[in-house]
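Reader: I am in my first year and would like to look closely at one part of a protein, namely its aromatic rings and the nonpolar interior around them. Could you take me through it slowly?

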Amino acid sequence: MGVAVDATSNIKLYKFIYEWIGTPYRFGGNTSKGIDCSAFTKAIYDKVFNTTILRNSRDIFSMVDPLPKDELKEGDLVFFKIKSRTITHIGIYLGDNRFAHASSTRGVVISNLNEPYYSRYFYKGGRIIDAVKNDLIEE
């Protein structure tokens, strides 16, 4: 996947993503037959980080501390406003400007934030707020 094993602190994250690479995009989908960006991100947080997050990208953004691109760490979220005034796309940051996401044209892939398309529409990064994590654990 373009990331050296010793460069990551979370083998479970990369293994999970690898199993989904190539899965087709399907709006509203949440299975290996087709998945959308927010369902893919939600599945990663459920299975890799044992954290339940909301289902759509705009709602998930309400659960994060916004971050600029240069402060992102592996496992943080990246949000995009693609041809819209509102958040329309989400992915999970992997480090080195790379992120995993369910692309509407290519399915589950790893892309680079510096690609002109993603650079143009990048909105903000985000890290799940600890208070949100604690609230979710207590429920």
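Which residues do ring pairs link into a cluster?

Author: What you see is a predicted model, in which local features need pLDDT of at least 70 and side-chain atom pairs count only at pLDDT 80 or more, while totals for chains, interfaces and linings use all residues. Residues are numbered from 1 along each chain as its sequence is written, and side-chain values use heavy atoms, with hydrogens and water left out.

The cluster consists of Phe80, Phe99, Tyr117, Tyr118, Tyr121 and Phe122, which are linked by ring pairs. Rings of Phe, Tyr and Trp (its six-membered ring) pair if their centres lie within 6.5 Å, and planes under 30 degrees apart count as stacked, over 60 as edge-to-face and the rest as tilted. With this rule, the model has 12 aromatic pairs. One of them joins Phe16 and Trp20, whose ring centres are 6.0 Å apart and whose planes stand at 35°, so this pair is tilted. Both residues belong to helix 1, which covers residues 11-20, and they sit four residues apart, about one turn of the helix (helices are DSSP runs of H or I with at least four residues, strands are runs of E with at least two, and both are numbered from the N terminus). An α-helix has 3.6 residues a turn, so residues three or four places apart point the same way.

Phe16 and Trp20 are both buried (buried means under 20% relative accessible area, exposed over 50%, and partly exposed in between, with a 1.4 Å probe and protein chains only). A second pair to compare is Tyr45 with Phe49, where the centres are 4.8 Å apart and the planes are at 40°, so that pair is tilted as well. Here the two partners sit in unlike surroundings, since Tyr45 is buried at a relative accessible area of 4%, whereas Phe49 is partly exposed at 27%.

From the rings we can move on to the interior. The largest nonpolar core has 29 residues, and Leu13, Ile17, Phe40, Ile44, Leu77 and Phe79 touch the most other members (such a core is a set of buried Ala, Val, Leu, Ile, Met, Phe, Trp, Tyr and Cys residues joined through side-chain atoms within 4.5 Å). Among the elements that give two or more residues to this core are helix 1, helix 2 (37-47), strand 4 (77-80) and strand 5 (89-95), and helix 2 gives the most, with six residues. If we leave out residues up to four places away in sequence, Leu13 touches Ile44, Val48, Phe49, Glu74, Ile92 and Leu94 (contact means heavy atoms within 4.5 Å). A separate second core of 11 residues includes Phe80, Tyr93, Phe99 and Tyr121; Phe80, Phe99 and Tyr121 are also members of the ring cluster that you asked about.

Helix 2 deserves a pause of its own. Nine of its 11 residues are buried, so the helix is largely enclosed by the rest of the structure, and the buried residues include Phe40, Ile44, Tyr45 and also Lys42. Leaving out residues up to four places away in sequence, Lys42 touches Thr52, Ile53, Leu54 and Arg55. The C-alpha atoms of Lys42 and Arg55 are separated by 6.6 Å, although the two residues are 13 residues apart along the chain.

To set this part within the whole, the chain holds five helices and eight strands, and 47% of its 139 residues are buried.
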